[in-house]
Amino acid sequence: MGLLLLVDLDGVVYRGADPVPGVAAVLADRAARGDDVVYVTNNSMHYRADYHTRLAAMGCPVSPETVVSSARATALYLRDHDPEIRRVLVLGGSGLERELRDAGYDVVTSGVAATRMSQESIDGFAAAGNPDAVVVGLDPNLTYARLVVASDSIRAGAHFIATNRDPVYPTERGLRPGAGSIVIALESATGVVPVSIGKPAPYLLEAAAHVVGREPAEAIMVGDGIATDLAAARAVGARCVLMLTGVATRAEVEALPADQQPTAVAADASELAAALERLAAG
């Protein structure tokens, strides 16, 4: 059986709008040799088809099923761990809403609920139709009223699920507040700590491995984040090739204790190819 590669996107396959040179070709070569390649990202704003189109255009080996965002992993987590949930309030982007609808949930958006709350002078829980769960991702159209709807629903007993806890996310114009910043606000307002799905929690990698019928401990996580990718790999007992093409620096890696070092470090696509060759042989 070939390797199972769980590949982070931003900082590994691309940086913003630009591909990381050579990485798509390395992944295509590994897939041609029989490896399973599944893409994982904490970003919850986009629908999987959007990633499929972009990755295919770069020459990456990809199908709609082999892209697992924190939005999709959240839908899969709810299905497997919380089968009583039917109605979900979404505070997040359209991709998160679509992934939950695809999984069969009755979805109400925080924007719709916020409008109803103000028009009918009712609380946020009632305005959202008494949801069973509140799922929070990055909402680029966040308003105070949307926070109120989510807070009211969590206080009323709806399960609180975070797609991820990334405090910031990178853009071409610098760092912007991430989903974790919104999650912290709701945690502070309600006193409730959510289940978090994205890296460094194990659930995203578990979902990604399962879509190709594998177990996460078999995987090699290819990522650029020490606190996210490397930590998530450790959480599921997987190996990790840490790329220096994104946020991590060699000095930061070398400063880690011996028992927390990645399996391999790669500064570019050729070093990634060599590392995977060694791991496949060993």
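Is Cys60 buried or exposed? Cys60 is buried, at a relative accessible area of 7%. Keep in mind that this is a predicted model.

Let me stay with the cysteines for a moment. Cys240 is buried too, at 2% relative accessibility. How many disulfides does a search of the whole structure find? The count is 0. Why is Cys60 not bonded? The closest cysteine sulfur, in Cys240, is 18 Å away, so the gap is too far for a bond. A disulfide needs the two sulfur atoms within 2.5 Å. From the other side, Cys240 is in no disulfide, and its nearest cysteine sulfur is that of Cys60.

Now the pockets. The largest pocket has a volume of about 1000 Å³. Its lining takes in 38 residues. Which of them lie nearest the centre? Those are Asp10, Asn43, Asp166, Tyr169 and Pro170. Four elements give two or more residues to that lining: β2 (14–15), α2 (48–58), β10 (168–171) and α10 (226–236). By type, the lining splits into 15 nonpolar, 13 polar and 10 charged residues.

Next, the second largest pocket. The space there is about 170 Å³. Two helices, α3 (70–81) and α9 (203–210), give two or more residues to its lining. Which element gives the most? That is α3, with 6 residues. Lining residues include Tyr77, Arg79 and Asp80, as well as Tyr203, Glu206 and His210. Here the split is 6 nonpolar, 2 polar and 3 charged.

Terms used:
Residues are numbered from 1 along each chain as its sequence is written. This is a predicted model: local features need pLDDT of at least 70, side-chain atom pairs count only at pLDDT 80 or more; totals for chains, interfaces and linings use all residues. Side-chain values use heavy atoms; hydrogens and water are left out. On a 1 Å grid over the protein atoms alone, a cavity is a set of points where a 1.4 Å probe fits but cannot get out, and a pocket is an open set with protein on both sides within 12 Å along at least five of seven lines; lining residues have an atom within 4 Å of a point. Grid points are joined across faces, edges and corners, and a volume is the space filled by probe spheres set on the points. Ala, Val, Leu, Ile, Met, Phe, Trp, Tyr, Cys and Pro count as nonpolar, Asp, Glu, Lys and Arg as charged, and the others, Gly among them, as polar. Buried means under 20% relative accessible area, exposed over 50%, partly exposed in between (1.4 Å probe, protein chains only).
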